[in-house]
Amino acid sequence: MPTALVWGACGGIGQELVRLLVADAWTVGGVSRHPLEVEAITRYSYEADVADDYTVQRAVLAAGQELAPVDLWVYCVGDIVSSKVADMD
């Protein structure tokens with residue numbers, strides 16, 4: 001059974017991708033700032049905020065201990081920001 005790790009598993013694209021992969025017999029780990037929502041669609045849920053290095057490291061460590069080697073990595077975290085580049089951190 002192939003394994004996927006989806007970052008941004010609670011967003012619209014991430015949620016649908018997790019559902020499709022699970023339905024297609026993949027083992028799927030879902031990473032999100034809202035792990036309880038991820039638990040509703042896959043049994044492997046990890047909490048992380050990609051803006052916080054510590055939570056990302058903790059999620060990677062947990063996934064590495066629970067999941068088989070990952071065959072598919074998906075990063076669908078994102079937001080549309082409308083700001084001047086000089087004002088962004």
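Hi everyone, let me begin with the cysteines: the disulfide count in this structure comes to zero. Please keep in mind that we are looking at a predicted model.

So what keeps Cys10 out of a disulfide? The closest cysteine sulfur belongs to Cys76, and at 10 Å from the sulfur of Cys10 that is too far for a bond, because a disulfide needs the two sulfurs within 2.5 Å. Cys76 is likewise in no disulfide, its nearest cysteine sulfur being that of Cys10. As for their surroundings, Cys10 counts as buried, with 15% relative accessibility, while Cys76 is partly exposed at 23%.

Now to the sheet. Four strands make up an open sheet, and if you read across it, the order is β3-β2-β1-β4, with parallel pairing. At the edges sit β3, residues 44-47, and β4, residues 72-75, each of them paired on one side only. From one strand to the next, the twist averages 15 degrees.

Let's zoom in on one pair. Strand β1, residues 3-7, runs parallel to β2, residues 27-32, and five bridges join the two. If you'd like a place to start looking, take Ala4, whose bridge partner in β2 is Val28.

Which helices should you look at next to these strands? One is α1, residues 12-23, which packs on the sheet and touches β1, β2 and β4. The direction of α1 makes about 170 degrees with that of β1. Another is α3, residues 53-66, lying across β1, β2 and β3. Relative to β3, helix α3 runs at about 160 degrees.

That brings me to the nonpolar cores. In soluble globular proteins, nonpolar side chains tend to be buried together. Here, the largest nonpolar core has 10 residues: Ala4, Val6, Ala9, Cys10, Val18, Leu21, Val28, Val38, Ile41 and Val74. Strand β1 and helix α1 each supply at least two residues of this core. You'll recognise some names: the bridge partners Ala4 and Val28 are both members, and so is our buried Cys10.

What does Val74 touch, once residues up to four places away in sequence are set aside? Its contacts are Leu5, Val6, Trp7 and Leu17.

Finally, there is a second, separate core of nine residues, and among them are Val31, Tyr44, Ala59 and Ala63.

To recap: zero disulfides, a parallel four-stranded open sheet, helices α1 and α3 against its strands, and a largest nonpolar core of 10 residues with a separate one of nine. Thanks for listening!

Methods
Residues numbered from 1 in each chain as written. Predicted model: local features only at pLDDT ≥ 70, side-chain atom pairs only at ≥ 80, totals over all residues. Heavy atoms only, no water. Pairing = 2+ DSSP bridges. Axes fitted to C-alpha atoms, helices over the stretch in contact; angles between N-to-C directions. Contact = heavy atoms within 4.5 Å. Buried < 20%, exposed > 50% of the residue type's maximum accessible area, 1.4 Å probe, protein only. Core = buried A, V, L, I, M, F, W, Y, C linked by side-chain atoms within 4.5 Å.
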